[in-house]
Amino acid sequence: MTAMIAPANEAGIIAAVQAARAAHEPLAIEGQGSKRGMLRPVQAARSLSTRGLTGVTLYRPAELIISARAGTPLAEIETVLAEKGQQLIAESPYFNGVFRTSAPPSLGGVVAANLSGPRRITWGATRDHVMGLCFINGAGEAIRSGGRVLKNVTGLDLCKLLSGSYGTLGVITEVTLKVLPAPETSATLLIETPDLTSAVAALSAGLGSPFGVSAAAALPHKDHVMAALRLEDFAASVSYRIEKLRGTLDGFGAHRVMKDGESHAFWRGVREVEPLQAAAEDAIWRVSVRPSAGPPVAAVALALGGRVMLDWGGGLVWIAASPSIANHAAISGAARSQGGAAMLFRAPEALRLAVPVLPEEAAPLARIGARVKEALDPGGLFNPGHLRAA
């Protein structure tokens, strides 16, 4: 069993990294441990966790800025914001159901994985809202990038570099995020379409309309595909715009409107990929493509006996299927053929060790990545083997 180190402050993180560096012992970096099943298993005997670094360190509602230590549970951040009628912009998912864990996702973990929910298609990814962060590099040095103001030009933008690095470049200890007011209400238009291609056409028409769609997904049923489009804002605005949207999309199929409570629950399910969680033995792939390429990729998965759902207007294809090397090759190949990329999001450890969980990088990008890794983690201490086989 991996030994756990969980310092209570940044100084303890620095000491742990410096000790590991002196001993030439790699570390598995994690927050609360809610996503250990993501990507390749880390090849390290010791785990360094930020779960001891919790709490909001700065909150200025009038300036739409919040800072918190990296181990702070995401739910705690959301509660603090909700008290002031504000929200995290990227609608970050928890994925507890996907990874079959009760551990709370941490703020640092969400940023390190750059996890974004349905609102990403209109408001951007998590990394787009990171104003500043603090992290410890592989030399045991504390580095601060960005700041605590919206108009920030402080130094190199390491925030975007660390966001989505999966703990391979540094140990994030604190994060500053831009936030926004929460909408007064929401409504979702559900349209019954004959197939995925028709559903994506409806989503594209809705997203291209002037009515401010904030989320667009397609969920297959037995004999049809449900296209879903969400509107958020003040109640009077949502009421007016949902009627206009219904009229614009009337020709795509039978439809109905979900009001705020039902709409909120529906999109929480989309965010957490609930329709694909039923079979715990299935592997789950996350495929990013242009929206029009979503249906062809989904067709390959369905031919394998898999199940699918599409988010981000069709540009994010979630696939659940039997965990096999053959299925992984077929899904990865389908993504490549459409100019996209497939990530093996959840699978048994044996499969995650046997196949590339991420697409191969082009040689020039790989060389740049190696240079960045050498600059920030010269000893290769952090999460070795997590992204690709060593």
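## A tour of the salt bridges

Start by selecting Arg-144, which is exposed, with a relative accessible area of 53%; bear in mind throughout that the model is a predicted one. Now add Glu-10 to the selection, since Arg-144 forms a salt bridge with Glu-10 in which the closest N and O atoms are 3.1 Å apart. Colouring by secondary structure places Arg-144 in strand β8 (residues 142–146) and Glu-10 in helix α1 (residues 10–23), so this pair ties together parts that are 134 residues apart in sequence.

Next, select Arg-119 together with Glu-232, a salt bridge whose closest N and O atoms are 3.0 Å apart. Here Arg-119 sits in the loop between α4 (107–113) and α5 (120–123), while Glu-232 belongs to strand β12 (residues 225–233), so the contact ties together parts that are 113 residues apart in sequence. With a surface displayed, note that Arg-119 is buried, at a relative accessible area of 6%, and that Glu-232 is buried as well, at 16%.

Move on to Arg-241 and Asp-233, whose side chains meet in a salt bridge with an N to O distance of 3.9 Å. Of these two partners, Arg-241 is buried, with a relative accessible area of 11%, whereas Asp-233 counts as partly exposed at 31% relative accessibility.

To finish, return to Arg-119 and Glu-232 and extend the selection to Glu-91 and Arg-230, because salt bridges, each a Lys or Arg side-chain nitrogen within 4 Å of an Asp or Glu carboxyl oxygen, join these four residues into one network through shared partners. Counted by this rule, the model has 14 salt bridges.

How values were computed: Residues numbered from 1 in each chain as written. Predicted model: local features only at pLDDT ≥ 70, side-chain atom pairs only at ≥ 80, totals over all residues. Heavy atoms only, no water. Helix = DSSP H or I, 4+ residues; strand = E, 2+ residues; numbered from the N terminus. Buried < 20%, exposed > 50% of the residue type's maximum accessible area, 1.4 Å probe, protein only.
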